[in-house]
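Work through the following exercises with the structure open beside you, and try each task before reading its solution.

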Amino acid sequence: MRTANISCARSTGTETGRALPGWALLGLALLLAPGGLSRAAEPPPPLLKVNPDPVFPFSREIEAFAKAHEAGPAIRDATLFLGSSSIRLWDIHGSFPDIGTVNRGFGGATTPDVLHYYKRLLPKAKPRSILVYVGENDLAAGATPGEVATNILTLLRQLRSDYPKAHIAYLSLKPSPIRWTLWPKMAAVNMTVAARTRATHFDYLDVGRVLLAPDGLPDASLFRADGLHMNPRGYTLWTRLVDAYLDEAMAADLKPASAS
C-alpha cells in the first residue's frame, strides 16, 4: 500500500526583521475592529464526534443482516455463505436455486471482523452446510500468514462447536491479478489451514486453481476490471466446485448408517 509523505511548513511571523504575513495582518485588523474582541472571545464550534467503533464501516451491512434476520422466515437446512466481498458479490441465490441459502458476506471484512460480529451473522435456523471465504484482506492489511491461519482456524472451530452436524468447508484463498505479490503468503495460509481439516473437522475446497491460466498466473479474463473481484465467469467456476461439494454432502446425509 502506498503511503503519502505530507510535510507541514511552520511560519512564526514574529522573527526579527521579517514582516507579518497577510493572514496575520488580517487577523490583527479584525481583532482591533469594533466588536473584534468579542468575536475573538467566542468559543470554537464543538468538534464532530467520531464513532469509536473500529469496524464502523460495516455497520450498515451488519444492520441489514439484522433486519433480514428479524423480518424473514427461518430457512431450514440452508447453506450459509460467510466471509468477505468474494462472498458478498456472489449471486448465491441465482447460483444455487435448488437449495436454501443465506449470504453473510460483507465487503472488506477480515477474519477478526467476522469473529467480532460472529453472533450477528448467524441465521435463525441451523444450517445444513457452511461455506467460508475469509483471510485475503487480512494479508492485504499486513497480517502474517501465521496470524491469519490462526484466526481462520479459530472461526472454523467456533462454527464446528455451534453446528456439530453441519458440513463446513473453507474455500481456499484465491489468486488475483492485483494481489499476485501476496500469493506466496496466501499459499502458506492455505497449506496451514488445509493441514488442520481432520483435527478441526471441516473440509477444504481448493477454489484457487481454477482461476489460474495455463502459464500459472491469474487468468485476468475471470476477474473484474479492478483485478481483485471475480466476474460472472469466475463465479461460474466456483459455483461448479461448491455445487459438487454440496451434492456429495447431501448424498452423505441420505446414506443410511452402516450397521454396527
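The exercises below concern a predicted model, and they go from the whole protein to a sheet and then to a pair of helices.

**Exercise 1. Determine how many helices and strands the protein has, and what share of its residues is buried.**

Solution. Begin with the elements: the protein has twelve helices and five strands. Next, turn to burial, where buried residues make up 38% of the 260 residues in the protein. Finally, consider the contacts with a separation of 6 or more, of which 69% are accounted for by residues 24 or more positions apart.

**Exercise 2. Work out the order of the strands in the sheet, and explain why strand 2 and strand 5 each have one side without a neighbour.**

Solution. First, follow the sheet across, and you will find that the five strands form an open sheet with the order 2-1-3-4-5 and with parallel pairing. Then look at the edges, where strand 2 (101-105) and strand 5 (203-205) each have a single partner strand, so that one side of each is left without a neighbour in the sheet. Lastly, note that the twist from one strand to the next averages 20°.

**Exercise 3. Describe how strand 3 is paired, and decide whether its faces are covered or uncovered.**

Solution. Take the partners in turn: strand 3 (residues 129-133) pairs with strand 1 in the parallel sense over five bridges, and four bridges join strand 3 to strand 4 (residues 167-171), which also runs parallel to it. Ser 129 serves as a reference point, since Ser 129 is the bridge partner of Thr 79 and stands opposite His 167 in strand 4. Now examine the faces, where Ser 129, Leu 131 and Tyr 133 are buried on one side, while Ile 130 and Val 132 are buried on the other, so both faces are covered. Because five of the five residues of strand 3 are buried, the strand is largely enclosed by the rest of the structure.

**Exercise 4. Classify the angle between helix 9 and helix 10, and identify the residues that make their contact.**

Solution. Start from the geometry: the axes of helix 9 and helix 10 (residues 183-194) come within 9 Å and cross at roughly 40°. Angles that are neither under 35 degrees, nor over 145, nor from 65 to 115 count as oblique, and the two helices are therefore oblique to each other. Their crossing is right-handed. The contact is made by residues including Val 148, Ile 152 and Leu 156 of helix 9, and Ala 188, Val 189 and Val 193 of helix 10. The residues of this contact divide into nine nonpolar, one polar and one charged.

Technical notes:
Residues numbered from 1 in each chain as written. Predicted model: local features only at pLDDT ≥ 70, side-chain atom pairs only at ≥ 80, totals over all residues. Heavy atoms only, no water. Pairing = 2+ DSSP bridges. Axes fitted to C-alpha atoms, helices over the stretch in contact; angles between N-to-C directions. Left-handed = near helix turned anticlockwise from the far one by under 90°. Contact = heavy atoms within 4.5 Å. Nonpolar A, V, L, I, M, F, W, Y, C, P; charged D, E, K, R; others polar. Buried < 20%, exposed > 50% of the residue type's maximum accessible area, 1.4 Å probe, protein only.
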